[in-house]
Amino acid sequence: MTQKKEPIKNWKIWVILIVLLIFSVPWYLPTGSYEPFILGLPYWAWIILGVSLIISIVLTLILKHCWYMTDEEEMQEEEEKQ
Amino acid sequence: MSDLAFSGTSGIIIMLFYGFLMLFIGFITYWRNRGLHQSNKEFYLGGGNLSVFVLFFTFFATQYSGNTVVGYAPTAYRMGFMWMQSITFFILIVVGYLMFAPRLYALSKKHQFITPSDYIDKRFKSKAVTLLASLLMLYGLCNYLLEQIIAIGHGVSGLTGGTIPYQAAVVFFVTVMIIYGWLGGMRSVAYTDTMQGIALLFGVAVLLIGSMIYFGGLPSATEYAATISPEKLGVPDSNGLVSWFSMLILVMIGAAIYPHAIQRIFAAKSEKSLKKSLSWMAWMPFVTSGFVFIIGIIGIQAFPGLSEGDSEQLVGMMANHIAMQNPFFYWAMVLLFGGIVAAIISTADSVLLTLSSVISKDIYARYINKSASDKKQILVGKLTGVVLVIILLLIAWYPPATLYRIFILKFELLIQIAPAFLLGLYWKQLHRHALFIGMLAGTIIASVMAFTGQQPLGIASGLWGLAVNFMLCVGLSIFLKVPKSEVELLQKEIS
C-alpha cells in the first residue's frame, strides 16, 4: 500500500511551477534585444526554451512521484475481476 | 497559387486513402465491440478502459489540431520569436490538468461519471447550475466544431491549390467522421486518433527537414529577419509581454478544462495510465508546436513580405515548393497534407462525440426523458449531433477570414466552467448560487468584451470574465454559507 498523495495539497509543487511560469516569459530581459545569435536563435529564445524544458522535467517528476490517489493493488484486483 | 505540385490526382488519392482508412478502423471497432451501443460508458468513454498508448494519442489528437500546423506557422511568421509561447502554453496544459485531474479521476471511477456535467450535478445538486454549465459547454463545443470544419476545408483546398474545392473536402470528411463516430464511439475516435497523431508527427518532422534543406536553415532565416524586420527577433515590449502571460494562463486553464479533455480523464483505464499519458504530453510541444514555430520562422526568409491574408497559406506554399524538389519529398508532403487533415478531423471527432454525450446525458436524459435507456440516449445524441453538424456546415460554407480570432472565442465561454472544478473539487463552502451567478456574469462579461473587441491591458476577454467569475464565486459563497449537513455530505462524496 502506498500513501495517498495529491499534487494540489503539496504547496512546494505550486511555488516551483509559479516561479517557472513567471520566468517563462522574457520580461526580465532588455526590450528589443536579440544579439548574440546562438545557432541561429536569439540568445533570449534559448533562455525561454530552457525554462520550458525545466517545466517539462518538473512535470514529469511530479506526475511520477507526487500523485497517488487510488490504491493500485485495489485497482488490480478490480481489473482481475473484470 | 495555380502551379501547385499536388494539385491533381495524388491529392485526391491521399484524401481518399485517409478517409477509407478511418472508415476501416471504425468498422473494425464496431465488429469487435458489438455491445458498445447499449451503454453510455461503453460508447462515450470506451468502457473507461483506454490504455496508456491509446489514451496518450487521444489526448494528443484532441489538443493538437491541424490548426497547430496550418495556423501556427503563419502566426510565427507574423509575430516572430514571441510565438515561442506556443511551446510553453502547450506544456502548461499539463499543469492545468494537475490542478484537478487527480481528484476528478478518482471521483469519476467512484461515481461512474460520463460527462463533465455528471460531476457538476453530483457536486452542486442544482438543476440551474448543471443546465447552465451544459449549455455553456454545448455552445463552446459547437463553436469549436465549426472552427475545425472550416479548417478541414481550408486545409484541403489550400494544400491542393483549390483542386479539391473547400465544400467537397468538408462534406467528404465530415461524413467519414460521423460514420466512424457512430460505429465505434470513443473507441473508434481513440483508435483513429492514434493513426492521425502518428501521421501528423511524421508530416511535421519531414516538413521541417525539407524547409531546412530547401529554404536554408534557421541561422540564415534569422539573419535575414534581422535585416528586414528585427522586431520579430527582439524581446517583446510590455504589451507583448502582457499578452504573452495572458495567453499562457488562458490556454493552461482553458485547454485542460475543455469538456472533451475532461472526458479523456474519465476514459483512462487506471491512474497509472493517466499519469503516464500526461507526462508524455508534457514533452510533445517541443516536437509539434516547436517544429511548427521553426517552420514559420524559416518562412520569413522563404516568402518575405506576405500580407496577413496571404500568410495564412504559408504552409501550403512551403510544402508545395518542397514537393517539387524530388519524389521522396513529393510523397512526404502528400503524407503531411493527409496528416494535417487527419489532425483536424481527430480534434473534430472528439468534440463531436463529447457534444453528443452532452446532448444524450445532460440535456435529453436529465431534462427531457428521464427514463430513457442508455441505448435510446445514445441514439438521440447521435441524431442531434448530425443535425448540429449540418447546421454548422451551412455556416462553414461562408467562412470568416482568419482562424486566430475564432480560436479565442470558444475559449472564452468554455473556461467559465473552471471554478466548478478548480474551486468546487476542494472547497466545500462553494455555494451553488454563487457558482451560478459567477458563471453567468463571467460568460456575459467575456462575450460582450469579445464582441466589442475589448482587451483592456492586453489581457484576453475570457480571463477578465473568469476573474470576475472567481471573485463572485468566492465572495458570494462567504456571504451565503453552505449548511453544515451539506458540507458533511460533500465530505463523504467528494473527498
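How many helices and strands does chain B have? Chain B has 24 helices and zero strands, and this description, like everything that follows, rests on a predicted model.

## Chain B as a whole

The radius of gyration of chain B is 22 Å, close to the 23 Å that the globule rule gives for 495 residues, so chain B is as compact as a globular protein of that length. Along its principal axes, the C-alpha trace of this chain spans about 70 × 55 × 40 Å. Of the 495 residues in chain B, 59% are buried, and among its contacts with a separation of 6 or more, 85% are accounted for by residues that stand 24 or more positions apart.

The largest nonpolar core has 186 residues, and those with the most contacts inside it are Val94(B), Leu145(B), Ile149(B), Ile152(B), Ile257(B) and Val341(B). Helix α18 of chain B, which covers residues 327-368, gives the most to this core, with 20 residues. Leu145(B) can serve as an example of how such a residue is placed: leaving aside its neighbours within four places in sequence, Leu145(B) is in contact with Ala348(B), Val351(B), Leu352(B), Leu355(B) and Leu392(B).

The last of these partners, Leu392(B), is also one of the buried residues of α19(B), a set that includes Gln377(B), Lys382(B) and Val389(B) as well. Helix α19 of chain B runs over residues 374-396, and its 23 residues reach 32 Å from the first C-alpha to the last, close to the 33 Å expected at 1.5 Å a residue.

## A largely enclosed helix and a partly exposed residue

In helix α7 of chain B (residues 116-124), eight of the nine residues are buried, so this helix is largely enclosed by the rest of the structure. The buried residues of α7(B) include Asp118(B), Asp121(B) and Arg123(B), along with Tyr119(B), Ile120(B) and Phe124(B). Just after α7(B) comes Lys125(B), which takes a positive phi of about 45 degrees.

Is Leu23(B) buried or partly exposed? With 18 other C-beta atoms within 10 Å, Leu23(B) is partly exposed, since a residue counts as buried at 20 or more such atoms and as exposed at 12 or fewer. Leu23(B) is found in helix α1 of chain B, over residues 9-32, and, with neighbours within four places in sequence left aside, Leu23(B) is in contact with Val176(B), Ile179(B) and Tyr180(B). Leu23(B) and Val176(B) are 153 residues apart in sequence, while from C-alpha to C-alpha they are 6.4 Å apart in space.

## Chain A

Chain A has three helices and two strands, and from the N terminus on its elements run α-β-β-α-α. Of the 82 residues of chain A, 23% count as buried, and residues 24 or more positions apart account for 77% of the contacts in chain A with a separation of 6 or more. For this chain an unreviewed UniProt entry lists residues 12-29 and 41-63 under "transmembrane region", and the table sets out how these spans appear in the predicted model.

| Span of chain A | Helix | Strand | Distance between end C-alpha atoms |
|---|---|---|---|
| Residues 12-29 | 67% helix | 0% strand | 27 Å |
| Residues 41-63 | 91% helix | 9% strand | 31 Å |

## Where the two chains touch

In the model, 35 residues of chain B are in contact with 36 residues of chain A. On the side of chain B that touches chain A, α6 (85-111), α10 (218-228), α11 (238-256) and α13 (271-281) each supply at least two residues, and α6(B) gives the most, with 11 residues. By class, this side of chain B has 23 nonpolar, six polar and six charged residues.

Tyr34(A) offers a view of this meeting from the side of chain A. Tyr34(A) lies in the loop between α1 (11-23) and β1 (37-38) of chain A, and this residue is buried, with 23 other C-beta atoms within 10 Å. Leaving aside its neighbours within four places in sequence, Tyr34(A) is in contact with Pro42(A) in its own chain and with Pro230(B), Leu233(B) and Gly234(B) in chain B. Tyr34(A) and Trp44(A), which are 10 residues apart in sequence, are 6.8 Å apart in space, taken from C-alpha to C-alpha.

Definitions and conventions. Residues numbered from 1 in each chain as written. Chains lettered and ligands numbered in written order. Predicted model: local features only at pLDDT ≥ 70, side-chain atom pairs only at ≥ 80, totals over all residues. Contact = placed C-beta atoms within 7 Å. Helix = DSSP H or I, 4+ residues; strand = E, 2+ residues; numbered from the N terminus. Nonpolar A, V, L, I, M, F, W, Y, C, P; charged D, E, K, R; others polar. Rg over C-alpha atoms; globule rule 2.2 N^0.38 Å. Expected span 1.5 Å × (residues − 1). Core = buried A, V, L, I, M, F, W, Y, C linked by C-beta atoms within 7 Å. UniProt positions renumbered as here; feature names shortened; annotations may be inferred.
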